[in-house]
Amino acid sequence: MKPVYRGGDFLEVRVRASNGAFAGSVNVYVGPDRLRDLASELAGFPTSPGDAREVTLGSLDPEGPGGVRMLFMCTDSAARARLEIAMASGSLLGRSQSAAFSHPVEPAAVDRFVEQLRRIGESADEAAVLYLLPRRAPG
């Protein structure tokens, strides 16, 4: 996640995501405090094996400007975490495109992502990167 344009009362943020097999990129428009709010919503994940947090930036409506939805959830009683992500480009520039996929994520990586989100508003060069766990070979 990286701001690409700062207006008076909004940020244009580029969100790129990949799980190694699928990838997507979308620009979303958010209020100036939305990324700090997002950090607060995700802080401390996971707190229990049943913890799940869903956050949305922009809109996934195919007629809208584009958006991304991220669902952080635990997959078992050991609180192993997974991220499900869906993104849509919207149709403002023509035909809408979308991507959806999931991947395991380490809670410590979510903590680092939260800290980076909190700093994005302070510098044009800041970005928030959520590193996913490496894929395991089948078998």
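These legends go with a few close-up views of the chain. The model is predicted, so local features need pLDDT of at least 70 and side-chain atom pairs pLDDT 80 or more, while totals for chains, interfaces and linings use all residues. Residues are numbered from 1 along each chain as its sequence is written, and side-chain values use heavy atoms, leaving out hydrogens and water.

**View 1. The whole chain, with 2 helices and 7 strands.** Helices (H or I, at least four residues) and strands (E, at least two) are DSSP runs numbered from the N terminus. Follow the sequence and you will meet the pattern β-β-β-α-β-β-β-β-α. The C-alpha trace spans about 45 × 35 × 25 Å along its principal axes. Its radius of gyration, taken over C-alpha atoms, is 15 Å, which agrees with the value near 14 Å for a compact globule of 139 residues; the globule rule is 2.2 Å times the number of residues to the power 0.38. Buried residues (under 20% relative accessible area, 1.4 Å probe, protein chains only) make up 37% of the 139.

**View 2. Helix H1 (residues 34-42) against helix H2 (residues 107-120).** Their axes come within 8 Å and cross at roughly 155 degrees; axes are lines fitted to C-alpha atoms, for helices over the stretch in contact, and angles run from 0 to 180 degrees between N-to-C directions. That makes H1 roughly antiparallel to H2, a label for angles over 145 degrees. Contact here means heavy atoms within 4.5 Å. On the H1 side, the contact is made by Leu-35, Arg-36, Leu-38, Ala-39, Ser-40 and Leu-42, and on the H2 side by Val-110, Phe-113, Val-114, Leu-117, Arg-118 and Ile-120.

**View 3. The cis peptide bond between Phe-45 and Pro-46.** Have a look at omega, which is about -5 degrees for this bond. Pro-46 sits in the loop between H1 and strand S4 (52-58).

**View 4. Ala-78 and Ala-79 in the loop between S5 and S6.** Strand S5 covers 67-74 and strand S6 covers 81-88. Ala-78 is exposed, with a relative accessible area of 52%, where exposed means over 50%. From Ala-78 to Leu-60 the separation is 18 residues in sequence and 32 Å in space, C-alpha to C-alpha. Ala-79 has phi near 60 degrees, a positive value in a residue other than glycine.

Note on methods
Parallel < 35°, antiparallel > 145°, perpendicular 65-115°, else oblique.
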